[in-house]
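Open the model in your viewer and keep the selection tool at hand. Each stop below says what to select next and what is there.

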Amino acid sequence: MFVTLYAYRAKLGRRQAIRSLYQQWQQLLRNWNVASTELLANCADPGDMIMLARFRDEEAAWAAFESGDYRAWYAQLVRLAEVGPTVSQYRNEQCED
């Protein structure tokens with residue numbers, strides 16, 4: 001599993017546009033067989049948001065990130081964010097005791 005997090009602060013009055021962009025993102029990621037996605041808003045400050053995608057493997061994630069469609073989507077997210085987005089990527093870590 002490979003997870004990508006997009007943390008950002010939405011511009012005032014742009015949360016509905018963020019939700020619409022999230023729906024577009026879900027459609028886009030189907031091309032790369034994404035396992036799941038989520039859109040999260042901070043309970044205390046709803047403008048503080050995170051989008052996350054769980055890819056089945058790292059190769060699928062990089063194929064998505066390198067596409068022109070992804071770059072266009074990301075540019076829209078930047079325009080809707082007051083701060084960020086900060087992008088973080090994580091691999092599944094199997095722990096043994």
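Start with strand β1 (residues 2-10) and strand β3 (residues 48-55): the two run antiparallel and are joined by eight bridges. Helices (H or I, at least four residues) and strands (E, at least two) are DSSP runs, numbered from the N terminus. Two strands count as paired if DSSP finds at least two bridges between them. Within this pairing, select Val3, whose bridge partner in β3 is Arg54.

Before going further, note that this is a predicted model, in which local features need pLDDT of at least 70 and side-chain atom pairs count only at pLDDT 80 or more, while totals for chains, interfaces and linings use all residues. Residues are numbered from 1 along each chain as its sequence is written, and side-chain values use heavy atoms, with hydrogens and water left out.

**The rest of the sheet**

Add strand β2 (residues 34-41), which pairs with β3 in the antiparallel sense over seven bridges. Select Leu39 and you will find Met51 of β3 opposite. Six residues lie between β2 and β3, and the two strands form a hairpin.

Now go to the other side of β1. Here β1 and β4 pair in the antiparallel sense over eight bridges. Select Thr4 to see one such position: its bridge partner in β4 is Gln89.

With the four strands selected together, what is their order in the open sheet? The order is β2-β3-β1-β4, with antiparallel pairing. The strands β2 and β4 (81-91) stand at the edges with a single partner strand each, so one side of each has no neighbour in the sheet. From one strand to the next, the twist averages 15 degrees. Axes are lines fitted to C-alpha atoms, for helices over the stretch in contact, and angles run from 0 to 180 degrees between N-to-C directions.

**Helices on the sheet**

Select helix α1 next. It lies across β1, β2 and β3 and runs at about 175 degrees to β2. Then select α2, which packs on the sheet and touches β1, β3 and β4. The direction of α2 makes about 40 degrees with that of β1. Contact here means heavy atoms within 4.5 Å.

**Leu21**

Zoom in on Leu21, which is in helix α1 (residues 15-29). Is Leu21 buried or exposed? Leu21 counts as buried because its relative accessibility is 1%. Buried means under 20% relative accessible area, exposed over 50%, and partly exposed in between (1.4 Å probe, protein chains only). Apart from neighbours within four places in sequence, Leu21 is in contact with Trp73, Gln76, Leu77 and Leu80. The C-alpha atoms of Leu21 and Leu77 are separated by 7.4 Å, though the two residues are 56 residues apart along the chain.

**The core**

Widen the selection to the largest nonpolar core, which has 25 residues; Tyr6, Met51, Phe55 and Trp73 have the most contacts inside it. At least two residues of this core come from each of β1, α1, β3, α2 (58-65) and α3 (68-80). The largest share, six residues, is supplied by α1. A nonpolar core is a set of buried Ala, Val, Leu, Ile, Met, Phe, Trp, Tyr and Cys residues joined through side-chain atoms within 4.5 Å. In soluble globular proteins, nonpolar side chains tend to be buried together.

**Aromatic rings**

Show the rings of Phe, Tyr and Trp (its six-membered ring): they pair if their centres lie within 6.5 Å, and planes under 30 degrees apart count as stacked, over 60 as edge-to-face and the rest as tilted. By this rule there are ten aromatic pairs. Select Tyr6 and Trp25, an edge-to-face pair at 5.5 Å centre to centre with 90 degrees between the planes. Tyr6 lies in strand β1 and Trp25 in helix α1, so this pair ties together parts that are 19 residues apart in sequence. Trp25 is buried, with a relative accessible area of 0%.

Move on to Phe65 and Tyr70, a tilted pair at 5.4 Å centre to centre with 55 degrees between the planes. Phe65 is buried at a relative accessible area of 9%, and Tyr70 is buried at 10%. Ring pairs link these residues into a cluster with others, including Tyr22, Phe55, Trp62 and Tyr74.

**Last stop: Ser67**

Finish in the loop between α2 and α3, where Ser67 lies. Ser67 is buried, with a relative accessible area of 14%. Its side chain reaches the backbone nitrogen of Tyr70 at 3.0 Å.

Methods: A polar contact is a pair of N or O atoms within 3.5 Å; within protein, one must be able to donate a hydrogen and the other to accept it, and residues adjacent in sequence count only if both atoms are side-chain atoms.
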